[in-house]
Amino acid sequence: MDISHAQKMHGHVGAVIGTTHVDFVKYTYLFLSIVIIDAWCAIPFAKIRSDGRPSRYGLIKLASVLVFIAFNVSFIVVIPFWLKHHIVGSAWISQWYTKGWVGYVFVSELISSIVTLLLLLPELLKLRPDFDKKMLWNMYSYSWPY
């Protein structure tokens, strides 16, 4: 189906492609949220690795992947099944669920990142920032040409 045919059928291309300007704005907020949360997780993950705790590191990473997969399966399989069979709560779910919306993959990733951050909270709360002026100057003097 070419673009001109799509425009004739639906009035605009977004209806065929499935992505509107509003979707792109939502995606941008989701991406920013994921990046910010993952950045907050980087230092505690580094601390766990430097403390020689590979089991904790691996379990948190595994939990993150499992949460991501579980929410993707929920959005792609479970919720459509739920709605199709009119299971209790379908009316509420149908108010916010949009079948086939690509953004659910990003929502799943955001939820996974939030769970990871919560699992890293004990390490985050133990961190005490220590500012080393000499190291900062050495890093700056080394990297300024770049």
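**A walk through an all-helix model**

Biologist: What distance should the 17 residues of α6 span at 1.5 Å a residue, and how far apart are its end C-alpha atoms?

Modeller: Welcome to this predicted model! The expected span counts the steps between residues, one less than their number, at 1.5 Å each. For the 17 residues of α6 that gives 24 Å, and the distance between the end C-alpha atoms agrees with this, so both values are 24 Å.

Biologist: How many helices and how many strands are in the chain?

Modeller: Reading from the N terminus, the elements run α-α-α-α-α-α-α-α. The count is therefore easy to give, with strands at zero and helices at eight.

Biologist: What is the average pLDDT of the chain, and over which residues is the pLDDT below 50?

Modeller: The average is 87, and 87% of the residues score at least 70. One stretch falls below 50, and beyond near neighbours in sequence it has 12 contacts in the model. That stretch is residues 1–16.

Biologist: Which helix supplies the largest share of the largest nonpolar core?

Modeller: As background, nonpolar side chains in soluble globular proteins tend to be buried together. Here the largest nonpolar core has 19 residues, and Cys-41, Phe-75, Ile-79, Tyr-97, Trp-101 and Leu-120 have the most contacts inside it. At least two core residues come from each of α3 (21–50), α4 (54–84) and α6 (103–119). The largest share, seven residues, comes from α3.

Biologist: Which helices do the buried residues of α3 pack against?

Modeller: The buried residues of α3 are Asp-23, Tyr-27, Leu-30, Ile-34, Ile-37, Cys-41, Pro-44, Phe-45 and Ile-48. A helix has 3.6 residues a turn, so residues three or four places apart point the same way. The partners of these buried residues in α3 are α4, α6 and α7 (121–126).

Biologist: At which residue does α3 bend, and by about how many degrees?

Modeller: Start with the length: α3 has 30 residues and reaches 44 Å from its first C-alpha to its last, close to the expected 44 Å. There is a bend all the same, with a proline, Pro-44, following within four residues. The place is Ala-42, and the angle is about 25 degrees.

Biologist: Where is the kink in α4 centred?

Modeller: With 31 residues, α4 reaches 43 Å between its first and last C-alpha, close to the 45 Å expected. Its kink is about 45 degrees. The residue at its centre is Ser-74.

Biologist: Which helices do the buried residues of α4 pack against?

Modeller: Seven names to look for in the structure are Ile-60, Ser-64, Val-67, Asn-72, Phe-75, Ile-79 and Leu-83, the buried residues of α4. Their packing partners are α3, α5 and α6.

Biologist: Is Asn-72 buried or exposed, and which residues is it in contact with beyond four places in sequence?

Modeller: Asn-72 sits in helix α4. Its relative accessibility is 12%, and the cut-off for burial is under 20%, so Asn-72 counts as buried. Leaving aside neighbours within four places in sequence, its contacts are Tyr-104, Val-105 and Ser-108.

Biologist: Is Thr-116 buried or exposed, and what does it touch, not counting residues up to four places away?

Modeller: Thr-116 belongs to helix α6. Its relative accessible area is 6%, which means that it is buried. Cys-41, for its part, is in contact with Ser-113, Thr-116, Leu-117 and Leu-120. Seen from Thr-116, the residues touched are Cys-41, Phe-45, Ile-60 and Ser-64.

Biologist: Which residue other than glycine follows α4 with a positive phi, and is it buried or exposed?

Modeller: Most residues other than glycine have a negative phi. The residue to find has a phi near 50 degrees and lies in the loop between α4 and α5 (90–96). Its relative accessible area is 67%, above the 50% cut-off, so the answer is exposed, and the name is His-86.

Biologist: Which residue with a positive phi follows α3?

Modeller: Look just past the end of α3 for a phi near 70 degrees. The residue there is Gly-52.

Biologist: What share of the area the chain exposes do carbon and sulfur atoms supply?

Modeller: Buried residues make up 23% of the 146 residues. The chain exposes about 10900 Å². Of that area, the carbon and sulfur share is 70%.

Terms used
Residues are numbered from 1 along each chain as its sequence is written. This is a predicted model: local features need pLDDT of at least 70, side-chain atom pairs count only at pLDDT 80 or more; totals for chains, interfaces and linings use all residues. Side-chain values use heavy atoms; hydrogens and water are left out. Buried means under 20% relative accessible area, exposed over 50%, partly exposed in between (1.4 Å probe, protein chains only). Accessible areas come from the Shrake-Rupley method with a 1.4 Å probe; for residues, only the protein chains shown count as cover. A nonpolar core is a set of buried Ala, Val, Leu, Ile, Met, Phe, Trp, Tyr and Cys residues joined through side-chain atoms within 4.5 Å. Contact means heavy atoms within 4.5 Å. The bend at a residue is the angle between axes fitted to the seven residues ending there and the seven starting there. pLDDT is the predictor's confidence in each residue, from 0 to 100.
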